[in-house]
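This report looks at how a bound ligand is held and at what the cysteines do. The structure under discussion is shown here.

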Amino acid sequence: MKLSELNSFKVKDEKITCLTAYDASFAKLFDDCGVDAILVGDSLGNVIQGSENTLGVTMGDMIYHTQAVAKSVKSALLIADMPYRSYDNAEQTLKNAQSLMSAGAQMVKFEGGAEHEASFKILQENSIPVCGHLGLQPQSVIEMGGYKVQGRDESSAQKILDDALLLESLGVSVLVLECVPAQLAAKISKHLTIPTIGIGAGVNCDGQVLVSYDMLGINTGRVPKFVKNFLIESNNITTAVNEFIRSVKTQEFPTDQHSY
Ligand code: KIV
């Protein structure tokens, strides 16, 4: 998927598929299967580095893995995560985002809302495409008191909606919603003209993302409720990825069982 096609997916109500990748081989397989977007997620802190959270991931790590993934992505939109503390102020955000774009990313993603307004603005001024990330923000796992569903009460739900609208006004191209009630994600998706991509956010987002290791049943620890292991009923990884794509496009995944 080209960057310019993002909004047409929403307009024609075609769900966007996204998987994380951290190396050239998995990225090639996902790209060949036709996944619309590939995210070099800082979840690599968990699944590659074996850490409890993403806080130890560095810009050096993200550049290394983005370069590897970029070597084999031909069709998918390539998004790279900005790691913890790499977007504390506008100048730092611009410098680090430029490094990820030079490494082969077509878009950068970072977590948070209004508190990062200056960072969103500087990227917009410099025409660097941005993916927002609201709801559960794994880089704030300590402040959030664990990996908990966000936006369950009225005021926190309103704050997520307000942040989403702000991000859209600041030129953000697409928004990841993680671990929010399905009803809230549906409301946000309806209010925005940019697409939302959900993970633990119900079927009414404009697309779905999963950590690839999770959807292949490879886990070092906790398996969140929103994860489905697509390899269980498939003969091989390619079939599992094709099944993920099919299930997202037909809205068979996620079910209520994977939602809050
Ligand atoms: O780092 C990551 O893999 C992510 C996804 C969970 C959206 O941010």
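Which residues surround the ligand? In this predicted model, the ligand is surrounded by Thr20, Leu39, Gly41, Asp42, Ser43, Asp81, Lys109, His133, Glu178, Ile199 and Val211. Sorted by character, this shell around the ligand comprises three nonpolar, four polar and four charged residues. The space that the ligand takes up is the largest pocket.

Three residues of the shell, Asp42, Ser43 and Lys109, are listed below with the distance from a polar side-chain atom to an oxygen atom of the ligand.

| Residue | Distance to a ligand oxygen atom |
|---|---|
| Aspartate 42 | 3.0 Å |
| Serine 43 | 2.5 Å |
| Lysine 109 | 2.8 Å |

On its own the ligand has 260 Å² of accessible area, and the protein covers 95% of this area.

The cysteines are the second topic. A disulfide is a covalent bond between the sulfur atoms of two cysteines, and the cut-off applied here asks that the two sulfur atoms lie within 2.5 Å. By this rule, the count of disulfides is zero. Cysteine 33 takes part in no disulfide, the nearest cysteine sulfur being that of cysteine 18, 14 Å away. With a relative accessibility of 16%, cysteine 33 counts as buried, because the limit for that class is under 20%.

Why does cysteine 205 form no bond with cysteine 179? The closest cysteine sulfur to that of cysteine 205 belongs to cysteine 179 and lies 11 Å away, which is too far for a bond. Cysteine 205 is also buried, its relative accessible area being 0%.

How values were computed
Residues numbered from 1 in each chain as written. Predicted model: local features only at pLDDT ≥ 70, side-chain atom pairs only at ≥ 80, totals over all residues. Heavy atoms only, no water. Buried < 20%, exposed > 50% of the residue type's maximum accessible area, 1.4 Å probe, protein only. Near = heavy atom within 4 Å. Polar contact = N/O pair within 3.5 Å; in protein donor to acceptor, adjacent residues only side chain to side chain. Areas by Shrake-Rupley, 256 points an atom, 1.4 Å probe, with all protein chains shown as cover. 1 Å grid on protein atoms, 1.4 Å probe; cavity = no way out; pocket = protein on both sides within 12 Å on 5 of 7 lines; lining within 4 Å. Sits in = over half its atoms within 2 Å of the grid points. Nonpolar A, V, L, I, M, F, W, Y, C, P; charged D, E, K, R; others polar.
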